[in-house]
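Visitor: I am new here and would like a short tour. Could you take my questions one at a time?

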Amino acid sequence: MNGLLNEKQREKYLEFQEFAMAHVEPFAGQWDRAEQIPESAVAQLRDAGYLGANVPTEYGGRGWDVVTFGLLNEALGRSDSAFTGIVTVQSMISAALLKWGTEEQRKKWLIPLARGDLIGAFALTEPGAGSDIQSMATEFRRSERDGGVIVNGEKKWITCGQRADVFLVFGKLEQKPLACLVPRESVGVEIEPIRDLLGFRAAGLAQLRFRDVAVPAANLVGKAGFALSHVAPVGLHYGRISTACSALGLLRGCFEESIDYAATRKVGGQRVGDLGMIQSLIARMGTDLEAAMLLCWNACQAEDRQHEETFTKAFQAKYFTSRAAVHAASDAVQIRGASGCHESSPVARYYRGAKVMEIIEGTTQVHEMILARGFLHEAVRRQRLKRATAPQPLKPVQN
Amino acid sequence: MTTIDLKQVKEIVRGFINNSINIDTLSDDENLFESGLINSLFAIQLTTFVERRFGIEVGMDDLSIENFKSINATAAFVTRKSGNHTP
């Protein structure tokens, strides 16, 4: 991919890789087993300025382009997708606030989020509403006291929920979707850690309960009626880009672990990599890696260039890369054999983590539905174009 | 955006909407949100498109179905927002 990057992006990528190799890679297995990322590691992320990667400098961020943001997620995802999850959700809440927050909210919340002084979480999914988010049941009731709202409801599978200082919570006010910022210490907020996940174990997922939580008017984000159509999609778009690039890192991890192993491990005096069956797996993995890399770069570039198909490109990148990561992780375990089934090898963790990449920020099936509809719509466009360019029948000559 | 008029804006908006929803013919006044033709991403795609294509910023106060409900409404919003008031 180096050929697609400019000098500055190449330098940053190198920096991100060095950071990941020094501060993430050696500890990822340990964090996975502990189901927790220590504060010291979060502090390193903060000190490096990575939590404000996609936020303009005027709001305390680094103001990097989206390609650079993608490279950060890729480099971290190579070592640990759970750790990258912090960057993902931070970028989601930041993007939503940057676009739809008031200036006062940007000053109060976005600046500390970008600096990493606050960790955020995107509280959208509910026990009974995942892909079908329109059916969410969290209720906002207008508070007579200050024009704010009273929040009642539950959220589930919230990444960083255990650790977050502030939640961007989605609910309905008189049936109209609305979002609001709820500080962790608010009275009536209960946080229950979710443990024993398949993968992504250190990402601090939580179930949140809101019981008569009073939220001031100053914390309402956007207008009632537009939280699911406008506020959430901006956050989810960044979440999709981040997850796609993180899955790309995981895919690269599978590839590098596999070729290193196949090139050195011998079976019956023959290198594993000389076996045709193993070569098939490696050929697919390496080619998928290249294709995924191009799709991720394309998605980031589309956002940087403000391309009108930016959402579609992000869907394509996340869809392809997360699926390719699942295949690659499975094959990486296969190539290693028994040692790939043990936690002493990172591919076992990749295998568990890859599947989660196919679920978060929209399942593979939701992506297929959206992408397929878009592709099928192409038929309407083609027919329209055909009609417009078809030669008109000659009119009979009037005598 | 200083020289573009309502007619041009409408043409561009119509092009985007026609490319985004699955319908062969769409009248300029047809209510997109009541048509059942749009998916969950359409609203943000339309908002993002007008921002980027016409160099305007859609803020929280602009969030109203009235501003984006049809080709005509969207074009009128864009011309208003960009300071063009061509009759």
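Visitor: How many residues does the contact take from chain B and from chain A?

Guide: Happy to help, and please keep in mind that this is a predicted model. Residues count as in contact here when their C-beta atoms lie within 7 Å. On that basis, the contact takes 17 residues from chain A and 13 residues from chain B.

Visitor: Which helix gives the most to the side of chain B that touches chain A?

Guide: That side is a mix by class, with 6 nonpolar, 5 polar and 2 charged residues. The top contributor gives 6 residues, and its name is helix α3 (residues 42–54) of chain B.

Visitor: What separation lies between the centres of domain 2 and domain 3 of chain A?

Guide: Let's place them in the chain. The domain assignment puts domain 2 of chain A at 121–222 and domain 3 at 229–379. Taken over C-alpha atoms, their centres are separated by 30 Å.

Visitor: How many nonpolar, polar and charged residues are on the side of domain 2 of chain A that touches domain 3 of chain A?

Guide: Each of these two domains puts 10 residues into the contact. For the side of domain 2 of chain A, the split is 7 nonpolar, 3 polar and no charged.

Visitor: Which residues touch the most other members of the largest nonpolar core?

Guide: This core has 141 residues, and helix α7 (residues 227–264) of chain A gives the most to it, with 16 residues. One residue to look at is A:A329, which touches A:C254, A:V347, A:Y350, A:Y351 and A:A354, leaving aside residues up to four places away in sequence. The two that touch the most other members are A:C296 and A:A329.

How values were computed
Residues are numbered from 1 along each chain as its sequence is written. Chains are lettered from A and ligands numbered from 1 in the order in which they are written. This is a predicted model: local features need pLDDT of at least 70, side-chain atom pairs count only at pLDDT 80 or more; totals for chains, interfaces and linings use all residues. A nonpolar core is a set of buried Ala, Val, Leu, Ile, Met, Phe, Trp, Tyr and Cys residues joined through C-beta atoms within 7 Å. A residue is buried if 20 or more other C-beta atoms lie within 10 Å of its own, exposed if 12 or fewer, and partly exposed in between; C-beta atoms are placed from the backbone. Helices (H or I, at least four residues) and strands (E, at least two) are DSSP runs, numbered from the N terminus. Ala, Val, Leu, Ile, Met, Phe, Trp, Tyr, Cys and Pro count as nonpolar, Asp, Glu, Lys and Arg as charged, and the others, Gly among them, as polar. Domain bounds come from an automatic or database domain assignment.
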